Amino acid sequence: MKEPPAHEKHGYEEIPHTADWALKVWAPDISGLLEEAARGMYALMGVERFYDLSAEPRQSRQVRLQAEDYEALLVGFLGELLYFLEEERLFFDPIRVKIQDHTLEARLEGRPATGQNKEIKAVTYHNLAIERVDDLLVATVVFDV
Amino acid sequence: MDLKAFRRVSDYEWEIPQTYRHDMLAPVRIFATRRLLEAALDDRSVEQAINAATLPGLAGPVVVMPDVHQGYGFPIGGVAATCFPEGVISPGAIGYDINCGVRLLASSIELEAVENLLPDLATALDHYCPSGVGTKGSLRLTDPDLDQVCRMGSRWALKHGQAFPEDLDRTEENGELAGADPAVVSPRAKERGRSQLGTLGSGNHFIEVDVVEQVFAPSAAQAMGLVAGCLAIQIHCGSRGFGHQICTDYVQSFQGALQRYGIRVPDRELVCAPMDSPEGKNYLAAMRSAANYAFANRQILAHAARQAVEQVLAGKVSNWHFRQVYDIAHNMGKVESHVVEGKKVKVCVHRKGATRAFGPGSPGLPAEYQSTGQPVLVPGSMGTSSWVLVGTQESMERSWGSSCHGAGRVMSRSQAKKEVRGEQLRRDLEADGIVVRAGSLPGLAEEAPQAYKDVDVVVETVVGAGIARKVARLRPVAVIKG
C-alpha cells in the first residue's frame, strides 16, 4: 500500500497489530484527517486496483453525521464508507468532507468497485484519540478484520 | 509488565490480583504455561484483560484462555461474567462477528476409500458454499423472513428443509436463543443481513475436510460419531455483515450511555450499559438476533456442504452422510447460571474468542452428551491439527464454563504477508496432502500456520488446567477459504 513520507503534511501508514489492522493517519485539520483515514482504509482493503475508470455516470451520496466528538465522527464516517462499499459496491474518490460544530457533511462522488482484496468487518474505538502533534492532528484507527 | 505481577496458581494457571491496578473490580485469571504467558506479554492482551476487569458488576475474575491475543478493547480469548441484570453488557467484549463459531459434522467414510475424490469434493464444497470478500448468497430474504431468522435461528432452516431435527439438538441453545427482537436492529443492519445468509465470508473463516487421526476418549468419540480414519467437516463463520453492523451501531450508541450511567472505562471500545437499562436490554435483544442469524447461517452452509458431498460421493461409498457433532459459538454474551462463592447466581458470560465448555450433567445438553460433557471444537491454524474436547466440572468452577477457541495469532497479518507467499504456502500445503481452494492468495498467506501459536500446546494447557478433556484430534485433508 501507499506509504507517504513522514514529512508530508497529510498521509497514512499501516502499523502492526497482532490480529487486526491498524492505521496511523495525520493531517493539518480534522476534515483532512477523516479524508486521509478514508483513503487509507480503501488502500488497506485493496479497493483501488479494481477501480473502474470507465464507469459513468458517477453516483453521488450525501452523508450527514453528528457526534459528541471528533473520534465518534471519524468512526461513524468510516463506517458509512464500509456500508456503501459492501451494500452498494460504491467506492468514493475524491473524498471531501466539511466539519463544523461536530457535524460532518459530505457529498461523495463514486463509481462501482468491481472487487476488493480484503474485507474490514468494522471500525473500532480501540485506543482511539485524535491528538495534536506540533501543527498536525494524528490518530491511530484499529479495524476489525 | 513482567512475570512478578502474576501469582502462580499451578503450571497452567496464573492470577493478577485485583490490587494490581486501582481501577480493577476483580482479579484476572490466566490459563497458560509460563512460556505462553511470556509470549502473551509481547502484545497488549494482558493489559486488555486488566482493562476488562474494570467493567462494573463483574461477578468474579476475568478469565483468559491460552490462545489469547491482542484484540480491540477486550482481548481475544477473554471471558467476563457480569451479574444479571444489574451488571453491564459490553458489545465490544463480545465482538463484531456476533456468534462467530464452529460446526463439526462427522461421517463413517474412510479416508482411504475416497482419497482420490478429495480434489472433486473440495471443488464441490467451494461451489456449493459461497465464500469470499463481498459475496452474497443465493437467498434474498424479505423483511418478514429476516425477522423470522432473527427469532428462530436454526429452526428457520429446519422449516425450509435445510436441517435435520438432530442438527438442532446438537447445537448450542438448539440454535435458537430466546429473547431476540429484530425490532431493535437498525434498517442498515437488516439491509446487510438480507443478502448474506448462507455465506462463509473471508478472513479466517473456512470450511475444512478432516480425518479423525486419533481418539483419546473412545466413549465420548462414539457418542459424537467420530471414528478414527474417517472424514469430518468443520465450518467456521459467523453472522456476517448483519452482526458487524449491529455491534457497530451499539458501540456507537453506547458512547453516550457511559455518561448517563456514570460509568468510566479505560478504553472506549469497552463501552457498556447496565443490562436492566433500556440501552442494555435493546443490545441484548439485537445481539441475540445476530446470534440466531449466525446459527441459521452455519446450518444453511452445512446443508450446502451435504449437497456437495452427495454430488461427489453418492454411489461411490455406501454411506456418505455427515451427521452433526455439535455447533458452538465463540463470540457471544449468554445469560447463564453459575456458582459464585457457593451460591447459584445468574450472570451474563461475555465470551470473545472463547468457547462455552459445559461439564457433564449441565442443563441444555442433549441426552448423549449428558455424561460426556459438551463438545468443545478447537480448530487449529490452516494445515495443522484441530481438536475435539469436552467441558468438565472444573471448567464450570474455574472458567465460567469456558475453554479455548483455537490456536491464537502471534504474528500480524501484514507481517505474515511479508514472510509468506500465498502461492508457496498453497504448494507446501498440497505437498502435505492438503487440497486447497482459496479465493485470495494474499488472504491465504495472512492465515499461514506460522502466524499462529501451536494449537497442540494450547490444548495441552487447557487439559493440564483441567478445564477441558481430550476426545479426538483431527488432521486436515482439504481447506476451502474465501
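**Exercise 1. Find the partners of β7 in chain B.** Which strands pair with β7(B), and in which sense?

*Solution.* Start with strand β9 (residues 230–237) of chain B: β7(B) pairs with β9(B) in the antiparallel sense over 7 bridges. Strands here are DSSP runs (E, at least two residues), and helices are runs of H or I with at least four residues, numbered from the N terminus. Two strands pair if DSSP finds at least two bridges between them. One such bridge links B:L104 to B:Q234 in β9(B). Next comes strand β11 (residues 323–329) of chain B, antiparallel to β7(B) over 6 bridges. There, B:G101 has B:A329 as its bridge partner.

A note on the model: it is predicted, local features need pLDDT of at least 70, side-chain atom pairs count only at pLDDT 80 or more, and totals for chains, interfaces and linings use all residues. Residues are numbered from 1 along each chain as its sequence is written, while chains are lettered from A and ligands numbered from 1 in the order in which they are written.

**Exercise 2. Place B:I109.** Is B:I109 buried or exposed?

*Solution.* First locate the residue: B:I109 sits in strand β7 (residues 101–110) of chain B. Then apply the cut-offs: buried means 20 or more other C-beta atoms within 10 Å of a residue's own, exposed means 12 or fewer, and partly exposed lies in between, with C-beta atoms placed from the backbone. B:I109 is buried because 26 other C-beta atoms lie within 10 Å. The strand β7(B) is mostly covered too, with 8 of its 10 residues buried. Now list contacts (C-beta atoms, placed from the backbone, within 7 Å). Leaving out residues up to four places away in sequence, B:I109 touches B:V114, B:C230, B:L231, B:L313, B:V317 and B:W320.

**Exercise 3. Read the open sheet.** Which strands of the 7-stranded sheet in chain B stand at the edges?

*Solution.* Write down the order: β1-β2-β3-β4-β5-β13-β12 (chain B), with mixed pairing. The edges are β1 (7–10) and β12 (331–340) of chain B; each has a single partner strand, so one side of each lacks a neighbour in the sheet. On average, neighbouring strands of this sheet are turned by 40 degrees against each other, direction ignored. Check one edge: β1(B) runs antiparallel to strand β2 (residues 13–16) of chain B, joined by 3 bridges. B:R7 has B:E15 as its bridge partner in β2(B).

**Exercise 4. Describe a helix pair.** At what angle do α10(B) and α11(B) pack?

*Solution.* The angle is about 170 degrees, and the axes are 9 Å apart. Axes are lines fitted to C-alpha atoms, for helices over the stretch in contact, and angles run from 0 to 180 degrees between N-to-C directions. That makes α10(B) roughly antiparallel to α11(B). The cut-offs are under 35 degrees for roughly parallel, over 145 for roughly antiparallel, 65 to 115 for roughly perpendicular, and oblique for the rest. By class, this contact has 11 nonpolar, 3 polar and 2 charged residues. Nonpolar covers Ala, Val, Leu, Ile, Met, Phe, Trp, Tyr, Cys and Pro; charged covers Asp, Glu, Lys and Arg; the others, Gly among them, are polar.

**Exercise 5. Join the chains.** How many residues does each chain give to the contact between chains A and B?

*Solution.* Chain B gives 36 residues and chain A gives 29. On the side of chain B that touches chain A, α10(B) gives the most, with 8 residues. That side has 8 nonpolar, 18 polar and 10 charged residues. Now look at α8(B): its buried residues are B:A189, B:R192, B:G193 and B:R194. They pack against α2 (70–88) of chain A, and also against α5 (143–152), α10 and α11 (278–313) of chain B.

**Exercise 6. Spot the unusual backbone.** Where does a cis peptide bond occur in chain A?

*Solution.* The bond joins A:D93 and A:P94, with omega about 0 degrees. A:P94 lies in the loop between β4 (90–92) and β5 (98–100) of chain A. In chain B, a cis peptide bond joins B:F84 and B:P85, with omega about 5 degrees. Turn to phi: A:H102 is not a glycine, yet has a positive phi of about 60 degrees. A:H102 counts as partly exposed, because 14 C-beta neighbours lie inside 10 Å.

Technical notes. Contact = placed C-beta atoms within 7 Å.
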